[in-house]
Amino acid sequence: DPQWHNHAVRPLLWSDRSKPTSATQASMDLLLQRSIQSFVAWEECAGGVDTMAANTNTMTNFFDHQHLDDGSKWHSLIGMRAHFLEYFRALLKEEVLLNSPATKVSTGKIHVQNGWNTHASTRPADALMAVASYLASEWREDLQILARVNNKEKRHEMAAVARRMRKGRKQVNAAQNAKAVANTRGDATGTNTNTNDASIVGEGNQQRNLNSADIHFTHTMGKSVKRQIALTWEKRGDSSPLRMKNFELLEREVTIRAVVALREEFDKLCKEGHQGSAEGLKFFEAHLKEWLPVLMIVGEPAGDDLCDTLLQALELRPPHISNGILIDPMSIAERIRYHREKAALQIAKEMALVDELLVELKREHLTRVFNERAKI
């Protein structure tokens, strides 16, 4: 049907994260999109030039998804022109077979599920379902990591480590300074010159600086964790080719869900007449509403710290008074992290249903084919 290839008729889909069913649909659509892109990346690594072009064209031309590449150019939460169920129901009807499907590469960097390379050719739906199933298992693992790094207790443990490290460095520096002063003056009297340095900063500012240092450390540790995860995936050799980029998109998705959940929380508090809720909602509209278009941006991967940058900027924003109400951005950031943890765990539950859903789609397709043949 030419309608499928008309961009005006089939625009890119965007699901409303404020509704549970639409949010689930969004995560499934993202899984499908990244499955197509992972398939393209696998084909480029494992197939010959002619075979790769034929297979990737078969997959990306279906429902006009030529914009989806191997992840090097198209990196976004949106990209599908059809939802998960609609796409697979239509793809299952395709009779065309792929040529020499992607196989395991000797370098160990590309991994395809066992059984995919046992046939001379396979249907596009079977190949893509295999990729989607594998990505869903990876994402469950990655979403558990995202939930842990947003857990309040885990981050407080990291902050405690940061304070101990800073205290240790301060003591070492103080001892070195005292020794240097003593050597310069030729006696030990100089050791008393810096004993009251800490009293220069007011108690409130000192506490704020300490929190800021904790924030910097936890964000640095978060980036370090991501680097270690990437190295672990590379050494294991069984990860999908776009795993680190997928991790960044999952972080964007949980952040969007968290921002939407916080907006609903402010709305509920306003309706219930809680003090300060109106000011909190005003702060949200002024500073957090702009996050959504940033997180939805389409383009080349801009690095793995987009969400971290937005959160850190919010946490380091100083408190201010609005209509006699104290607005503390750090507390708001804490609520976002709380909702991010919940969102990560929720998406992990949704990914656990993927295999069952794919089996049901195949059963539905076979039942339809059997009924059609029975009529003949």
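Reader: In the salt bridge between Glu251 and Arg340, are the two residues buried or exposed?
Author: Happy to start there, with the reminder that this is a predicted model. The closest N and O atoms of Glu251 and Arg340 are 3.4 Å apart, which fits the salt-bridge rule because that rule asks for a distance within 4 Å. The pair links distant parts of the chain, with Glu251 in helix α7 (residues 243-271) and Arg340 in helix α11 (residues 329-351), 89 residues apart. As for their surroundings, both Glu251 and Arg340 are buried.

Reader: Which residues are linked with Glu253 in a network of salt bridges?
Author: A good place to begin is Glu253 and Arg257, whose side chains meet in a salt bridge at 3.3 Å, N to O. They sit four residues apart in helix α7, so about one helical turn separates them. Arg257 is buried at 9% relative accessible area, and Glu253 counts as buried at 1%. In the network, Glu253 is linked with Arg17, Arg257 and Glu350.

Reader: How many residues apart are Arg89 and Glu364?
Author: The side chains of Arg89 and Glu364 meet in a salt bridge, at 2.8 Å from N to O. Arg89 is partly exposed, with a relative accessible area of 38%, and Glu364 is partly exposed too, at 35%. Arg89 belongs to helix α3 and Glu364 to helix α12, so to speak of distant parts of the chain is fair: they are 275 residues apart.

Reader: Which residues of helix α3 are buried, and within what arc do they fall?
Author: Helix α3 covers residues 84-91, and its buried residues are Phe84, Tyr87, Phe88, Ala90 and Leu91. Look down the axis of α3 and you will find that they line one face of the helix, because they fall within an arc of 165 degrees.

Reader: Which residues of α12 are buried, and why are they on the same side?
Author: Helix α12 (residues 354-375) has 22 residues and reaches 32 Å from its first C-alpha to its last, close to the 32 Å expected. Its buried residues are Val354, Leu358, Leu361 and His365. They are on the same side of α12 because they cover an arc of only 60 degrees around the axis.

Reader: And which exposed residues does the face of α12 turned away from its buried side carry?
Author: To count as exposed, a residue needs over 50% relative accessible area. On the face of α12 turned away from its buried side, the residues that qualify are Glu356, Leu366, Phe370, Ala374 and Lys375.

Reader: Where in the chain is confidence lowest, and where is it highest?
Author: The mean pLDDT of the chain is 77, and 73% of its residues reach 70 or more. Residues 187-210 stay under 50, with 19 contacts beyond four places in sequence in the model. Where pLDDT is low, the predicted coordinates should not be read in detail. Confidence is lowest in helix α6 (residues 203-236), at a mean of 58, and highest in α3, at 94.

Reader: What percentage of the residues of the chain count as buried?
Author: Let's step back to the whole chain, which has 12 helices and four strands. Its accessible surface comes to about 19,700 Å², of which 54% belongs to carbon and sulfur atoms. Among contacts between residues at least 6 apart in sequence, 77% join residues at least 24 apart. Of the 376 residues, the part that counts as buried is 41%.

Key:
Residues numbered from 1 in each chain as written. Predicted model: local features only at pLDDT ≥ 70, side-chain atom pairs only at ≥ 80, totals over all residues. Heavy atoms only, no water. Helix = DSSP H or I, 4+ residues; strand = E, 2+ residues; numbered from the N terminus. Expected span 1.5 Å × (residues − 1). Buried < 20%, exposed > 50% of the residue type's maximum accessible area, 1.4 Å probe, protein only. Arc of directions from axis to C-beta. pLDDT = per-residue confidence, 0-100. Contact = heavy atoms within 4.5 Å. Areas by Shrake-Rupley, 256 points an atom, 1.4 Å probe, with all protein chains shown as cover.
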